[in-house]
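Here is a protein model to explore together. Take a look at the sequence and the 3D view, then read on for a short tour.

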Amino acid sequence: MERIYYSIKEVSERAGVPFSTLRYWEQEIPQLRPHRNEGKTRFYTPEDVQLIEQIKYLREDQKLTIKAIKHRLNVDKQGVESRQKIAGLLKQIRQELVDIQSNI
């Protein structure tokens with residue numbers, strides 16, 4: 001069962017990015033707006049986590065600037081999601097092939 005909210009620590013660990021990077025992305029990318037309680041603690045939805053993974057893909061794999069990431073998410077969010085999933089599957093297949101090769 002998927003949780004409703006995740007803490008910044010959980011999201012940071014899952015995405016492999018520091019807290020400061022998540023906070024920076026929140027400032028720069030309008031689509032990323034986690035919920036906050038009265039104490040200003042951030043709570044990320046599964047959709048927020050998915051968006052963070054897409055931002056990370058665009059930043060690290062596609063080497064896009066924050067400005068280009070904002071544009072890409074505004075213009076072609078579904079395309080970004082599709083390409084990210086395909087890239088993830090290809091990485092997984094590659095790793096499996098490397099594992100098979102090392103066992104030969």
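Is Lys63 buried or exposed? Lys63 is exposed, with a relative accessible area of 64%; the labels here are buried for under 20% relative accessible area, exposed for over 50% and partly exposed in between, using a 1.4 Å probe and protein chains only.

## What you're looking at

This is a predicted model, where local features need a pLDDT of at least 70 and side-chain atom pairs count only at pLDDT 80 or more, while totals for chains, interfaces and linings use all residues. Residues are numbered from 1 along each chain as its sequence is written, and side-chain values use heavy atoms, with hydrogens and water left out.

The pLDDT is the predictor's confidence in each residue, from 0 to 100. For this protein the average is 91, and 99% of the residues score at least 70. Among the elements, helix α2 (residues 19-28) has the highest mean, 95, and helix α4 (residues 66-102) the lowest, 89.

## The overall layout

The protein has four helices and two strands. Helices (H or I, at least four residues) and strands (E, at least two) are DSSP runs, numbered from the N terminus. Walk along the sequence and you'll meet them in the pattern α-α-β-β-α-α.

The C-alpha atoms fill a box of roughly 55 × 30 × 25 Å, taken along the principal axes. Of the 104 residues, 31% are buried.

## Loops and a strand

Back to Lys63: you'll find it in the loop between α3 and α4. Lys63 has a positive phi of about 60°, although it isn't a glycine. Lys40 isn't a glycine either, and its phi is positive too, at about 70°. Look for Lys40 in the loop between β1 (35-36) and β2. With 58% relative accessibility, Lys40 counts as exposed.

His35 is part of strand β1 and counts as partly exposed, at 39% relative accessibility. Eleven residues along the chain from His35 is Pro46, and the C-alpha atoms of the two are separated by 12 Å.

## Rings and a charge

How many aromatic pairs does the structure hold? There's one, and it's made by Tyr5 and Phe43: the pair is edge-to-face, with 6.1 Å centre to centre and 70° between the planes. Rings of Phe, Tyr and Trp (its six-membered ring) pair if their centres lie within 6.5 Å; planes under 30 degrees apart count as stacked, over 60 as edge-to-face and the rest as tilted. Tyr5 lies in the segment before α1 (8-15) and Phe43 in strand β2 (residues 42-43), so the pair ties together parts that are 38 residues apart in sequence. Tyr5 is partly exposed, at 35% relative accessibility, and Phe43 is partly exposed as well, at 29%.

Another ring has a charge for company: the charged end of Arg14 sits over the ring of Tyr6, 5.9 Å from its centre. To count, NZ of Lys or CZ of Arg must be within 6 Å of the ring centre and within 35 degrees of the ring normal.

## The largest pocket

Arg14 also helps line the largest pocket, along with residues including Glu53, Tyr57, Gln84 and Lys91. A pocket is an open set of points on a 1 Å grid over the protein atoms alone, where a 1.4 Å probe fits, with protein on both sides within 12 Å along at least five of seven lines; lining residues have an atom within 4 Å of a point. The elements giving two or more residues to this lining are α1, α3 (46-61) and α4.
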